[in-house]
Amino acid sequence: MSARISSLRLEAFDQLPKHARRCVFWEVDPSTVQGEDHLADPEFEKEAWLSMVMLEWGSCAQVALVGPDAPGEQDSSALTIDAPCSAYAFYAPPGAVPRATRFPTGPVSADAVLLTSLGVDSAEDGDDLSRALVAAVAADLIRRGVRALEAFGRTALVDDLRADGATAELASVIEALGDCSAGQCIVSAEFLSAVGFEVVAPHPYFPRLRLELEQGLGWKADVEAALERLLESARLQVPVGAAAAVC
């Protein structure tokens with residue numbers, strides 16, 4: 001079993017897991033859906049958002065392909081592959097993320113990019129893949145000169161939070177949109193802490209966490225070395241910095 005991680009290209013959108021293609025929890029402001037809890041075509045909305053962010057800002061997703069069909073080093077320039085993506089991480093400038101304005105621990109710092117969603121389509125190697133995806137996001141942002149990566153985390157208390165019983169402030173955060181939900185579409189605060197994020201805005205439900213990236217070239221080398229060790233231990237063939245292969 002092998003895997004490759006690379007920046008998502010728009011032509012590979014259809015190879016994302018179903019939920020990743022349809023999830024617009026972060027990308028669409030529920031108030032623009034005219035009181036409905038669904039969109040006529042969420043995949044169109046998600047692809048349109050990706051297209052806009054990629055055009056105006058650049059890469060905004062890291063994806064992983066796991067399986068016997070994952071391309072190896074010899075075909076890293078391939079534009080298409082038959083096996084689907086099994087894991088993903090989306091990130092963008094906070095101004096491109098409508099849901100970010102609803103969190104009580106906002107706004108995101110002016111020098112940071114927002115990590116929105118992180119998902120693994122298979123339980124196998126799920127934690128290793130999630131860690132590798134975050135490391136790949138960090139490496140991409142370091143190369144682009146971004147100082148920090150932030151995320152709104154979800155604590156265990158969110159599992160007991162219901163829209164009909166929440167305050168107006170919290171209800172606006174967890175407002176459903178199609179098959180999206182706070183429990184599925186917000187990254188666990190516990191996981192974020194485990195991979196090096198630190199809480200900068202505490203909250204019982206939705207703390208904001210931050211991973212500092214601007215700590216010198218020595219830190220960049222440490223990140224890349226740590227990613228290499230992680231991937232080796234997880235038996236994942238992920239070339240740090242490679243963005244030619246498409247998932």
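# Notes on strands, rings and charges

1. Let's start with a covered charge pair: Lys46 and Glu27 are both buried (buried is under 20% relative accessible area, exposed over 50% and partly exposed in between, with a 1.4 Å probe and protein chains only). The two residues form a salt bridge with the closest N and O atoms 3.5 Å apart, the term being used for a side-chain nitrogen of Lys or Arg within 4 Å of a carboxyl oxygen of Asp or Glu. Lys46 belongs to helix α2 and Glu27 to the loop between α1 and α2, 19 residues apart, so this is a link between distant parts of the chain (helices, H or I of at least four residues, and strands, E of at least two, are DSSP runs numbered from the N terminus).

2. Some ground rules before going on. This is a predicted model, where local features need pLDDT of at least 70 and side-chain atom pairs count only at pLDDT 80 or more, while totals for chains, interfaces and linings use all residues. Residues are numbered from 1 along each chain as its sequence is written, and side-chain values use heavy atoms, with hydrogens and water left out.

3. Lys46 has a second partner. It lies over the face of Phe90, at 4.3 Å from the ring centre (a charge sits over a ring if NZ of Lys or CZ of Arg is within 6 Å of the ring centre and within 35 degrees of the ring normal). Arg144 does likewise with Trp57: the charged end is over the ring, 4.0 Å from its centre.

4. Phe90 brings us to β3. All six of its six residues are buried, with Ala87, Ala89 and Tyr91 on one side and Tyr88, Phe90 and Ala92 on the other. β3 pairs with β4 in the antiparallel sense over six bridges (two strands pair if DSSP finds at least two bridges between them). Ala89 has Leu118 as its bridge partner in β4.

5. β5 (residues 148-152) is covered as well, five of its five residues being buried. Ala148, Glu150 and Phe152 point one way, while Leu149 and Ala151 point the other way. With β4, β5 forms three bridges in the parallel sense, and Ala112 is matched with Ala148 there. With β7 (residues 208-212), β5 runs antiparallel over five bridges, and Ala151 stands opposite Leu209.

6. Now the rings. The whole structure holds eight aromatic pairs (rings of Phe, Tyr and Trp, the latter by its six-membered ring, with centres within 6.5 Å; planes under 30 degrees apart are stacked, over 60 edge-to-face, the rest tilted). Trp26 and Phe103 are stacked, 5.3 Å centre to centre with 5° between the planes. Trp26 is in the loop between α1 (18-22) and α2 (42-56) and Phe103 in the loop between β3 and β4, so the pair ties together parts 77 residues apart in sequence. Trp57 and Tyr91 form an edge-to-face pair at 6.1 Å centre to centre and 80° between the planes. Trp57, in the loop between α2 and β2 (61-66), is 34 residues from Tyr91 in strand β3. Trp57 is partly exposed at 26% relative accessible area, whereas Tyr91 is buried at 0%.

7. Which residues form the aromatic cluster? Phe25, Trp26, Phe103, Phe152, Tyr205 and Phe206 do. Two of these also touch Thr105: Phe152 and Phe206 are among its contacts (heavy atoms within 4.5 Å) beyond four places in sequence, along with others including Ala201 and Arg208.

8. Thr105 deserves a look too. It is found in the loop between β3 (87-92) and β4 (112-120), and it is buried, with a relative accessible area of 5%. A polar atom of the Thr105 side chain lies 2.7 Å from the backbone oxygen of Phe206.

9. Last, the salt bridges, which come to 13. Arg147 and Asp111 form one with the closest N and O atoms 3.9 Å apart; Arg147 is in the loop between α3 (126-143) and β5, and Asp111 in the loop between β3 and β4, 36 residues apart. Arg147 is partly exposed at 44%, and so is Asp111 at 26%. Arg210 and Glu212 form another, at 2.6 Å, with Arg210 buried at 11% and Glu212 partly exposed at 33%. These four are linked with Glu150 and Arg208 in a network of salt bridges.

Technical notes:
Polar contact = N/O pair within 3.5 Å; in protein donor to acceptor, adjacent residues only side chain to side chain.
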